[in-house]
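Hello,

I am passing a structure over to you. Please open it first, then read my notes beside it.

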Amino acid sequence: MPRLFSFDDFATGSEKVRSYADKHSPVIICESEAERNKPFRVKVKIGKSVKHPNAKDHHYEYIQLWNLETLIGEVKLQRASFGDDPVHIEADFTFIPKVSLRLTALAYCNKHGLWRSEEVFVKVDGE
Ligand SMILES: [Fe+2]
């Protein structure tokens, strides 16, 4: 079982440690309410404020979006598509919610492992 990191694991560390955690943490960006059976858009951004390297030996390989234990979708990343400079990689997901959501994003850095976002609750109208 791989270790699963989050920003909170490093929140009490030094500024350098918190910067390390920040640039690895996926952040879910979406509305807090959705309409049942209507397309709902969610953006996942890597790094709250600090950009992550995008070098050949150090980059992100994929971003996943989960609703509890159900995988909603996965974006596999081609490193070269985002250049060679540090970057906030983003992935957009659009899906049809039927019940309220407890969303979590996972993202994999090839050098520093698997990172999870904070959980985001989305109330779906009409339940
Ligand atoms: Fe990394």
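Below is what I found, from the overall fold down to single residues.

Keep in mind that this is a predicted model.

Overall fold

The protein chain has one helix and 10 strands. Read from the N terminus, the order is β-α-β-β-β-β-β-β-β-β-β. The helix therefore comes right after the opening strand, and strands make up the rest of the run.

The radius of gyration is 15 Å. A compact globule of 127 residues would come out near 14 Å, so the protein chain agrees with that expectation. Along the principal axes, the C-alpha atoms fill a box of roughly 45 × 35 × 30 Å. Buried residues account for 23% of the 127 residues.

Contacts reach far along the sequence. Take the contacts between residues at least 6 apart: 62% of them join residues at least 24 apart.

The helix

Helix α1 spans residues 15-24, and its buried residues are Ala21, Asp22, Lys23 and His24. What do these buried residues of α1 pack against? Their partners are β1 (4-5), β8 (101-109) and β9 (113-116).

The core

The largest nonpolar core holds 15 residues. Val42, Val44, Ile63, Leu65, Ala105 and Ala107 touch the most other members. Four strands, β4, β5, β7 (90-95) and β8, each supply at least two residues of this core. β8 gives the most, with four residues.

β8 thus appears twice in these notes: it packs against the buried residues of α1, and it is the top contributor to the core.

Ala107 is worth a look on screen. Leaving out residues up to four places away in sequence, Ala107 touches Pro26, Ile46, Tyr60, Tyr62, Ile63 and Trp115. One of these, Ile63, is listed with Ala107 among the core residues that touch the most other members.

Two loop residues

Which residues other than glycine have a positive phi? Asn37 is one, with phi near 65 degrees. Leu68 is another, with phi near 50 degrees.

Asn37 lies in the loop between β3 (33-35) and β4 (40-46). Leu68 is in the loop between β5 (60-67) and β6 (70-76).

Are they buried or exposed? A residue counts as exposed when 12 or fewer other C-beta atoms lie within 10 Å of its own. Asn37 has 12 such neighbours, so Asn37 counts as exposed. Leu68 has 9, so Leu68 is exposed as well.

Best wishes

Definitions and conventions: Residues are numbered from 1 along each chain as its sequence is written. This is a predicted model: local features need pLDDT of at least 70, side-chain atom pairs count only at pLDDT 80 or more; totals for chains, interfaces and linings use all residues. A residue is buried if 20 or more other C-beta atoms lie within 10 Å of its own, exposed if 12 or fewer, and partly exposed in between; C-beta atoms are placed from the backbone. The radius of gyration is taken over C-alpha atoms; the globule rule is 2.2 Å times the number of residues to the power 0.38. Two residues are in contact if their C-beta atoms, placed from the backbone, lie within 7 Å. A nonpolar core is a set of buried Ala, Val, Leu, Ile, Met, Phe, Trp, Tyr and Cys residues joined through C-beta atoms within 7 Å.
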